[in-house]
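Dear colleague,

Please find below the structure that I am handing over to you, together with its sequence. My findings follow directly after it.

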Amino acid sequence: SLADYIKNGIKSIGSDPTFYALLMITSRGRPSLFLKEFGIIKKIINKASLILRLANDIGSYEREQKEGKINSVGILSKRLGSSQKARAALLNKIGACRQEIKRLYQSTNGESRYFSGALCRIVDFNIKLYKVGDYYEK
């Protein structure tokens with residue numbers, strides 16, 4: 001199912017370790033600053049990982065389809081009738097997740113905002129990149 005694919009895909013995209021490393025870098029040696037907001041930070045990281053998974057799937061759909069691999073565009077295409085409709089639905093989901101990150105970001109304090117802002121820039125860059133294609137294209 002799409003839900004199972006996404007649950008696994010959020011982990012397999014491999015962004016969590018990078019985002020937690022970013023958290024440590026932005027803590028400037030004082031990770032205790034983030035403990036009060038760690039629940040919010042985890043939600044931001046989870047939404048960011050979901051965005052990267054969906055954006056990657058949009059960008060790599062054609063290549064992965066030729067390779068016989070499954071991704072969210074292919075799964076949703078079967079339900080919606082076309083890959084264009086699936087892409088549109090996933091872009092809407094990406095937009096909703098990005099808005100949720102913005103809402104969560106606005107609820108954090110000054111220290112966490114530095115991390116959240118950096119993470120948002122990384123996510124936005126990747127959204128733009130994957131709209132063009134994927135990392136494997138030559």
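I begin with Ser72, which, outside its neighbours within four places in sequence, is in contact with Leu2, Tyr5, Leu54, Asp57 and Leu90. Please bear in mind throughout that this is a predicted model. Ser72 belongs to helix H4, and its relative accessibility of 0% means that it counts as buried.

The surroundings of helix H4

Helix H4 spans residues 72-80. Which residues of H4 are buried? They are Ser72, Val73, Gly74, Leu76 and Ser77. The cover over these buried residues includes H1, H3 and helix H5, the last of which comprises residues 83-106.

Val73, also in helix H4, has a relative accessibility of 0% and therefore counts as buried. With its neighbours within four places in sequence set aside, Val73 is in contact with Asp57, Ile58, Tyr61, Ser83, Ala86, Arg87 and Leu90. As a longer-range reference, the C-alpha atoms of Val73 and Gly117 are separated by 28 Å, the two residues being 44 apart along the chain.

The two ends of H4 each show a local feature. At the start of H4, a side-chain oxygen of Asn71 comes to within 2.8 Å of the backbone nitrogen of Val73. Just after H4, Gly81 adopts a positive phi of about 100°.

Asn71 itself is located in the loop between H3 and helix H4. Is Asn71 buried or exposed? It counts as buried, because its relative accessibility is 2%, and the cut-off for that class is under 20%. Apart from its neighbours within four places in sequence, Asn71 is in contact with Tyr5, Asp57, Ser60, Tyr61 and Glu64. Asp57 is thus listed among the contacts of Asn71, of Ser72 and of Val73.

The packing of H1 against H3

Two packed helices are described by the angle between their axes and the distance between the axes. For helix H1 (residues 2-12) and helix H3 (residues 38-66), the angle is about 100° and the axes are 8 Å apart. H1 and H3 are therefore roughly perpendicular to each other, since angles of 65 to 115 degrees fall in that class.

Which residues of H1 and H3 meet? On the H1 side they are Tyr5, Ile6, Gly9, Ile10 and Ser12, and on the H3 side Asn46, Ser49, Leu50, Arg53, Leu54 and Asp57. By class, the residues of this contact of H1 with H3 comprise 5 nonpolar, 4 polar and 2 charged. Tyr5 and Asp57, both part of this contact, are also among the residues that touch Ser72.

The cysteines

How many disulfides does a search of the whole structure find? The number is 0. A disulfide is a covalent bond between the sulfur atoms of two cysteines. The sulfur of Cys97 has its closest cysteine sulfur in Cys120, at 12 Å, which is too far for a bond; the cut-off applied to the sulfur atoms is 2.5 Å. For Cys120, the closest cysteine sulfur is likewise that of Cys97. Cys97 is buried, with a relative accessible area of 2%, and Cys120 is buried as well, with a relative accessible area of 8%.

Yours sincerely

How values were computed:
Residues are numbered from 1 along each chain as its sequence is written. This is a predicted model: local features need pLDDT of at least 70, side-chain atom pairs count only at pLDDT 80 or more; totals for chains, interfaces and linings use all residues. Side-chain values use heavy atoms; hydrogens and water are left out. Axes are lines fitted to C-alpha atoms, for helices over the stretch in contact, and angles run from 0 to 180 degrees between N-to-C directions. Helices (H or I, at least four residues) and strands (E, at least two) are DSSP runs, numbered from the N terminus. Angles under 35 degrees count as roughly parallel, over 145 as roughly antiparallel, 65 to 115 as roughly perpendicular and the rest as oblique. Contact means heavy atoms within 4.5 Å. Ala, Val, Leu, Ile, Met, Phe, Trp, Tyr, Cys and Pro count as nonpolar, Asp, Glu, Lys and Arg as charged, and the others, Gly among them, as polar. Buried means under 20% relative accessible area, exposed over 50%, partly exposed in between (1.4 Å probe, protein chains only). A polar contact is a pair of N or O atoms within 3.5 Å; within protein, one must be able to donate a hydrogen and the other to accept it, and residues adjacent in sequence count only if both atoms are side-chain atoms.
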